[in-house]
Structure formats: structure tokens, C-alpha cells
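Subject: Structure for you, with notes

Hello,

Here is the structure I promised to pass on. My notes follow it.

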Amino acid sequence: MSDGRVVQVNVSAGGVPKLPVASARVTGAGVEGDRQRELTVHGGPHRAVSILGVEAIARVAAEGHPIGPGTTGENLTVAGFDVSLLPVGTRLHVGDELVLEISGRAEPCRTIRGSFRGGRYGRLGATAHPADSRMYARVVAEGTVLPGDPIRLERPVDDRAERHAMAARLDATENHAAVAVWEAAAATGSEVAIIDDGDVAVAASAALPSSIFNIGLGFAHLPNLVDMAVDHFGRNGVTGWVWLEEAPWADAIVDSTASLLAHPLGDDPALELPAGVTVRELGRDEPGPWGEVIAAGAGVPDAVGAAFRALEPTLARHAHHHRFVAERDGRPVGASSLHVHRHAAWLRAAVVLPEARGLGIQRALIAARLARARGLGCDLAGSLADAGSVSAGNLQRLGFREIATRYRYRVEPAARPA
């Protein structure tokens, strides 16, 4: 793996361009002196530093785009290697102290459109031009960086960074799925206060006392922004929950532990259905069975069950959401859903009525959704299940593997840490 060097160190008070500085201290929170305007889209411990190669800048500029070092918001402009072709987990030893680890791609957004003819900022997208993307890095060892510092590349030491990147992608899909359900509930009369902002999403509903409608998502990757969820719960006077990988404060209350599981979709064998059981996807104009099973078998409060019955016709029309039922001798006894976002699939929890449990119906619902996800062009599927539960075991038996552990912290409306 070739070595390289730092060409330019760039910071700004927010937005672009980022301007060159003589040196900067880099910590786990990012480059000192640098700010982001959109905190839920950029920044955080796993996106502490953004990097772009001067060779990529030259290729884009040769097409007539007014791009230059720092104009698209990278903190470090580097030379000697194509940073966007490095595997996730590659470490960059910069100068004498600083060590960075590639954590994922920095997808282009309209903020950088001024660096492109006609505002075509998609030129930095990885699909058409994989060598010309900006990359994010987390900080392994803090240090000061200067232009001219040598960069030594080190191959990934394990698959931890790869698993984290996979988890971030699945969390984004889960957020998208949850917002679809919250918005369907709000559209059909339930009072749900929703924040849908970048890579985080929060819902609060005093009328629907359940973690389904009082939850903060995406904060496992942006723990620095967890106060956004805490404040939202407080303003709405609800008990809420937040999924995180570490405690947000010293006396935080954990009420459940879950496994985030992933499935790299491939040609998996079909699962044989139990006798008398069929699994099918419901049509967009076929509401009713799914909501009834959810309400009857999920163990939710009556108000939440009624909300699911009411929201189903609206959710059924969502282009990315797919509902499934399992029927035994023609009667619905199981229900689940699949949500697709950017070629990743999220399997929301399956519900099986008590009298039909133990027959393999949950595994049949998983297999049906995996097959549908493959047919929709997805290359990754994920789900969240209580650690050590039957649901987690069923997912693992069908090829899922655990890539992260999540803790659900309870936040009371009056509780705010000092």
C-alpha cells in the first residue's frame, strides 16, 4: 500500500469552502477550529475528519468544474493514493502522532454544488466515479497535522470498521422505516411529534405510550447529539427511549439489550413452510389482516393497537414499505414488514399469535422477506432483536450474524443530566 502526504489542512466556521491553515489539532471530536452547520449529517466521532485526494480534485477539475482543495469541505487534502479506494478500516498514520481510520464515504450533498458546473455535485458520488469520493475517518490517536506531513497506510487489522459501516447503513434504513410508521400514524389522527433530521430520527407521543412511538434512533453513531432526543421527550412530557452503544451519562438506565443483525443477501435456500401455512405479501389495496395481527399479538397497549389498525391503509401506500402475513388454514396468524432504503432492507419485528407459535412461522416470515428484498435489488438486510431471544435465534438460523450490540436507555420526562 503506497504512502502519501498531506497537501492541505482545511477548516471553516461552517459550510464551504474550508480554508487552509498552517496546522490543526485533531481529537476524537474532529479538527479543532472546524465546525459543521448540519450536525446530523456531518460530524460525530465516526465522521470526525473528512479526506479527499488531490488527484481526484485534478480529475474533476479537468472536466471544467471549479473545484479546488477545500471547496467541497474536506479537512485533509492528501496526495499519493486514492483515498476513496481504500477499504473501510484502513489506518492512516499521519506525521508523528495522528492515527485515523477510514470509516465510510462522505456522500455528496447540495451544499457543495458551487464546486461543479451546473451544480452537478453528484460528480463526487461513488457509483459512477468510485476513485473520486470524499471519505470519513474516526480518530484512533489524537495529534497535530501540518501540510507536508507524511502518511503511512496500514491495512485493516480486523473487520470492526467494516461491521460499523454496515451498522450505519442499516440504522439509516431502520430510521426510514420508523418514520414511515410514525408519519402514517400522524396522518390518521394520532398525535406524534416527529424529528426527521439527517441521520437521526425521534418520535414522541403521549397518546401512544410505547417505545415504538417514543424512541430516538441513529444516536448510536451520533452519541454527541443525544440531547436532541432528551429535549424532544421533555418538551412532549413523555418517557422515551434511545438506542446507544454506550451510556450517555453516568446514571443512565438500561432496560433492554439487543443484537443488531445483518444478512449479506445471496442465493439462500428456500425455507419449507409448516403444513397448512402460507406466507404472502399484502397488496397496496389490502389493509386489515396485518394491523389486526399486530394489534392482537404484539403485546402493545390498546391505544397503540388501535393506532396500527388505523394507520395500515396509509402505510400500505408507502412505496418502500411491504407488509406480509402468514395464514394458517386461511386465517391470518402472523404479520411482519419489510422496508427498503438505498438497496438495504430492514425487517421489522414479526408477530405471531400465541396459538400459532412454535410452528416455524416466524422463520417463514423472515425467509419471505429476504426473498422479496433480493428481488427488489437489495444487497444487505438487517434487523434488531432482543439479545438471546427466540427472534434472534431464528434470524441467525437463516444466515444473519450479529454486527453490534445496542442498549436501550430509558429517559424520563423530568430527568435531564447535569
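Gly216 has Val242 in strand 15 as its bridge partner. The strands involved are strand 14 (residues 215-217) and strand 15 (residues 240-244), which pair in the parallel sense over 2 bridges. Please keep in mind that this is a predicted model.

Both strands belong to an open sheet of 11 strands. Its order is 12-13-14-15-22-16-21-20-19-18-17, and the pairing is mixed. Strand 12 and strand 17 (277-281) stand at the edges. Each has a single partner strand, so one side of each is left without a neighbour in the sheet. From one strand to the next, the twist averages 20 degrees.

Helix 2 packs on this sheet. The strands it touches include strand 12, strand 13, strand 14, strand 16 (253-263) and strand 22 (401-411). Its direction makes about 60 degrees with that of strand 20 (344-352).

At the edge, strand 12 (residues 193-197) runs antiparallel to strand 13 (residues 200-204), and 5 bridges join them. Ile194 has Ala203 in strand 13 as its bridge partner. The two strands form a hairpin with 2 residues between them, where Gly198 takes a positive phi near 60 degrees.

Next, helix 2 itself. How far apart are the end C-alpha atoms of its 28 residues? They are 40 Å apart. At 1.5 Å a residue the helix should span 40 Å, so the two values agree. Just after helix 2, Gly189 has a positive phi of about 105 degrees.

Helix 2 also packs against helix 5 (residues 302-316). The angle is about 110 degrees, and the axes are 8 Å apart. The two helices are therefore roughly perpendicular to each other; angles of 65 to 115 degrees count as such. On the helix 2 side, the contact uses Ala180, Val181, Ala184, Ala185 and Ala187. On the helix 5 side, Phe308, Leu311, Thr314 and Leu315 meet them.

Now the interior. In soluble globular proteins, nonpolar side chains tend to be buried together. The largest nonpolar core here has 42 residues. Those with the most contacts inside it are Trp182, Phe213, Trp290, Phe308 and Leu311. Helix 2 (residues 160-187) gives the largest share of this core, 11 residues. Another core, of 26 residues, lies apart from it and includes Leu265, Val352, Ala356 and Ala385. Leaving out residues up to four places away in sequence, Leu311 touches Val181, Ala184, Ala185, Thr188, Phe213 and Trp290.

Trp290 is one of the buried residues of helix 4 (residues 289-297). The others are Gly291, Val293, Ile294, Ala295 and Gly297. The buried residues of helix 4 pack against helix 5, strand 18, strand 19 and strand 20. Just after helix 4, Gly299 takes a positive phi of about 70 degrees.

A few loop details are worth a look:

- Pro209 sits in the loop between strand 13 and strand 14. Pro209 and Pro301 are 92 residues apart in sequence, yet 7.4 Å apart in space, C-alpha to C-alpha. Pro209 touches Asn214, Pro301 and Val304, not counting residues up to four places away in sequence.
- Asp329 is in the loop between strand 18 and strand 19. Its phi is near 55 degrees, a positive value in a residue other than glycine. Asp329 is exposed, with a relative accessible area of 67%; the cut-off for exposed is over 50%.
- His343 is in the loop between strand 19 and strand 20. It too is not a glycine, but has a positive phi of about 65 degrees.
- Pro17 lies in the loop between strand 1 (4-11) and strand 2 (19-21). The peptide bond from Val16 to Pro17 is cis, with omega near 0 degrees.

Last, strand 8 (residues 98-106). 8 of its 9 residues are buried, so strand 8 is largely enclosed by the rest of the structure. Strand 7 (residues 91-94) runs antiparallel to strand 8, joined by 4 bridges. Arg91 has Glu101 in strand 8 as its bridge partner. Strand 7 and strand 8 form a hairpin with 3 residues between them. In that turn, Gly95 has a positive phi of about 65 degrees. Strand 8 also runs antiparallel to strand 9 (residues 134-141), with 7 bridges. There, Leu100 stands opposite Val139.

Best wishes

Technical notes. Residues are numbered from 1 along each chain as its sequence is written. This is a predicted model: local features need pLDDT of at least 70, side-chain atom pairs count only at pLDDT 80 or more; totals for chains, interfaces and linings use all residues. Side-chain values use heavy atoms; hydrogens and water are left out. A nonpolar core is a set of buried Ala, Val, Leu, Ile, Met, Phe, Trp, Tyr and Cys residues joined through side-chain atoms within 4.5 Å. Buried means under 20% relative accessible area, exposed over 50%, partly exposed in between (1.4 Å probe, protein chains only). Contact means heavy atoms within 4.5 Å. The expected span of a helix is 1.5 Å times one less than its number of residues. Two strands pair if DSSP finds at least two bridges between them. Axes are lines fitted to C-alpha atoms, for helices over the stretch in contact, and angles run from 0 to 180 degrees between N-to-C directions. Angles under 35 degrees count as roughly parallel, over 145 as roughly antiparallel, 65 to 115 as roughly perpendicular and the rest as oblique.
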